[in-house]
Amino acid sequence: MSSGNPQNQSEASQPKKSQSGQLIPAVLRPGNYMLVRTQEALNKIFGPSMNPLYYLGAITFLLLWILIATGTYLYLFYDMTPSGAYKSVQYLTEDQKWYGGIIRSMHRYAADGMMIVIAIHIVQVLFSDRFRKYRWVAWISGVAILPVIWLEGLTGYFLVWDEVAQMIAVTSAHIFDALPIFSEPMPRNFLKNDSVNALLFFIFNYLHLAIPCLLLILAWIHCMRISMPVINPPRAVTITILSTLVVLSIIKPAVSADPADLSRLVGVMAIDWFYLFPFPLIDWLELQPAMVWLGGGLLYAIVFAMPWIISDPVKSKYINPTVGQGTVTITQSDCTGCLLCQKACPFEAIELNPRLEGAPNEVEAYVVDDLCSECGFCVNTCEVGAISMGGWSVTEFQNYIEFLFKNYNKMLVEPVVMAFVCERSFDQKAFFTHENTRMKCCEEVAVMTTPCIGVISPAIVDYSFKMGAEGILVIGCRGLDCHYREERRRLKFRDNLKRDRFMVEKMDDPNIEIMLISPFEKEALKKEIEDFKNAVKVDKSGGRILNG
Amino acid sequence: MDKRRLSAASIATLVSPAIFIFLFSTSPSYEYNKKKEAALVVSFKKSSERIRLCDEKELNAFKQKADKRRKHMQSALRECGSRERLPIRLKVWLDDKETLDKIIYPTGFRNDGITYAYEYFTISAGMHRVKVAAVDYRERENDFSHVIEKEIIFKRRQIVLIDYDRVTDQLYLNK
């Protein structure tokens, strides 16, 4: 565990330039800018608690439940034979127009919606840099889900056995024929109308039912490695999506093309671009099956390997922020086995080992490096200072606060407010001055950056007051913009803060302000900081006068 | 229960992806096979001859042996002669122009399975002279045991299939 002179340490770990932008790999920065702007715009419309961009995974689940429910109804009427399949779907579409037809349309449009939502979700995860390092399992499982859903869509289209199904079947058979695993050429299954047998329909039907099971397994793996996954969207969002699907199904009912006829080439047809986009592309470019496998495989492999392709700016260029970013270590001799750090860790990266015989505590904590996000939540839960991140334990935090309030450059004004700032929340270059120890807008505000504001514990807040801070500002990211998805945990922290605050004498609510902001709210933030600073006035007689 | 409500602007924004679904779930339509007016498919499955068949002495020896076996184990062809089968040479002429000359090997690691042929030709609509010839191929053999030659009128978007009938042992036109 590192310790030593806090002043030297703080100087050594001072950021030399703005890091907020550098936390995102350079290749993702333009996309990240657009994404944050979009999230911000939607936050204004929906509010952070209802913003659908924060519920894309949950909306996907909602659409999956709709697909399962509507699919179950359709299955009741489906005839699993080449001659009966088309007729049974037509029966649903025309004879049951106002229920079977609507349910069929909802089934189809929910599937389309799922592709849209998943595409946005992938872009969001990519540009918010939430796919690398400890998140690689979630990325891999998410990327694996995409072709599974696509395959599910294709098998669904096949079951209708119209011209679209014919096009899918024949083109896919030619593509699969390029693989050297089939002894009989695959297109022979679709030579004549009587070559298509009930067994083939049984297989496709089976696949269409089995794939959702695989999907649920992948989704489970996906959620297992996400911190606090949200499975259900807000009720109002659910109702709106359901209503939209019903209305869309009434306005534009899904219909079949002409029945499949294998003695004729398919011609002009209306296709679902969300699922069938590769087929026109293959036809238009006259791609050979080998090219399709090579091109598709390469593209998919690149997306799959993205967590390892995109380099980590933290290792290459990043200069440590005020709080050292780096590996979390636990000094076993100091660990009391209190379990608080394990409870604090949102990524289940802290596990317990039984202690050797004769030791005072039964267990000791250790960090599973592969699971650790280096968020720092555990560091300040350990009041004995056994946990450190990048060499910073609770003792170094306290020493640095002491440095900011007691050993600051005496040419500067006396600090009044202690601001803890999430390093990802805004452009620090625009806000910080004096080697990133003060706010530019108001130099009475001392600054300390942290990987996330969840790092700040009541003990740290308490210590800041003891060092002479008149007010505490905690500035973090809004809603699920938090890189560690810790909105709820932050709220819990807030509760803890209130609870512990009563333990500190003469402390009132307005002395602590938590600001959740967007990186683009520069002016608003400046004003809020100034207002807060002005509100916290020091009364030399010992009390505090609070304005506003 | 979550009782938060959405504003009109929120609902409009949330509904907006439905416009994409409305537009792109069926349109724009696409014309497949634009450059293909019609197609000829030559496809069949056929068991070619074994490379080496049983001679009389071998067959008699096997029959004696087989008589002692149960009925389902008496197949002479399974244990007599070579396992490996001959490849099939397939040749296709379109309007008297040689379009394909291909040797197709039987399936199986030991080339002892069925031989499958699947060849796809794009062709313009109208009348065309089509000739397809196949033979169990031994080296330097230029005669074809199976030949079909026809003048066929290809209608627009029609797929014409030339197949093999195992019963009559002939190539035939399956229109």
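How far apart should the ends of the 25 residues of α6(A) be, at 1.5 Å a residue? Keep that question in mind as you load this predicted model, and we will start the tour at that helix.

**Stop 1: helix α6 of chain A**

Select residues 136–160 of chain A, which form α6. At 1.5 Å a residue, α6(A) should span 36 Å, and its end C-alpha atoms are 38 Å apart, which agrees. Now step just past the end of the helix to A:W161, which follows α6(A) and has a positive phi, near 55 degrees.

**Stop 2: its partner, α5**

Add residues 97–127 of chain A, helix α5. The two helices pack at an angle of about 160 degrees, and their axes are 11 Å apart. Angles over 145 degrees count as roughly antiparallel, so α5(A) is roughly antiparallel to α6(A). The crossing of α5(A) past α6(A) is left-handed.

To see where they touch, show side chains for A:A111, A:M114, A:M115, A:I118 and A:I122 on α5(A). Facing them on α6(A) are A:G142, A:L146, A:I149, A:G153 and A:G156. Colour this contact by class and you will find seven nonpolar and three polar residues, with no charged ones. While looking at these helices, remember that an α-helix has 3.6 residues a turn, so residues three or four places apart point the same way.

**Stop 3: α16 and α18 of chain A**

Next, select residues 394–406 (α16) and 458–466 (α18) of chain A. Here the packing angle is about 25 degrees and the axes are 10 Å apart. That angle makes α16(A) roughly parallel to α18(A), and α16(A) passes α18(A) in a right-handed crossing. Pick out A:V394, A:F397, A:Q398 and A:I401 on α16(A), which meet A:A459, A:I460, A:Y463 and A:S464 on α18(A). Six of the residues in this contact are nonpolar and two are polar, while none is charged.

**Stop 4: a sheet in chain B**

Move over to chain B and find the open sheet of four strands, ordered β5-β2-β8-β9, with mixed pairing. Its edge strands are β5 (115–123) and β9 (170–174), each of which pairs on one side only. Neighbouring strands are turned against each other by 15 degrees on average, direction ignored.

Zoom in on β2 (residues 38–46) and β8 (residues 159–165) of chain B: these strands run parallel and are joined by four bridges. Select B:V42 to see one such pairing, with B:I162 as its bridge partner in β8(B).

**Stop 5: where the chains meet**

Finally, display both chains together. Which chain gives 38 residues to the contact, and which gives 40 residues? The 38 come from chain B and the 40 from chain A. On the side of chain B that touches chain A, α1, α2 (17–24), β1 (30–31), β2, β5 and β8 each supply at least two residues. That side has 20 nonpolar, 12 polar and six charged residues.

Two places here deserve a closer look. At one, α2 of chain A (residues 29–46) and α1 of chain B (residues 8–15) have axes that come within 8 Å and cross at roughly 135 degrees. The helices α2(A) and α1(B) are therefore oblique to each other. Select A:L42, A:I45 and A:F46 together with B:A9, B:S10 and B:T13, the residues that make this contact. Four of these residues are nonpolar, two are polar and none is charged.

At the other, strand β1 of chain A (residues 268–269) pairs with β1(B) over two bridges in the antiparallel sense. Finish on A:V268, which stands opposite B:E31 in β1(B).

How values were computed
Residues numbered from 1 in each chain as written. Chains lettered and ligands numbered in written order. Predicted model: local features only at pLDDT ≥ 70, side-chain atom pairs only at ≥ 80, totals over all residues. Axes fitted to C-alpha atoms, helices over the stretch in contact; angles between N-to-C directions. Parallel < 35°, antiparallel > 145°, perpendicular 65-115°, else oblique. Left-handed = near helix turned anticlockwise from the far one by under 90°. Contact = placed C-beta atoms within 7 Å. Nonpolar A, V, L, I, M, F, W, Y, C, P; charged D, E, K, R; others polar. Expected span 1.5 Å × (residues − 1). Pairing = 2+ DSSP bridges.
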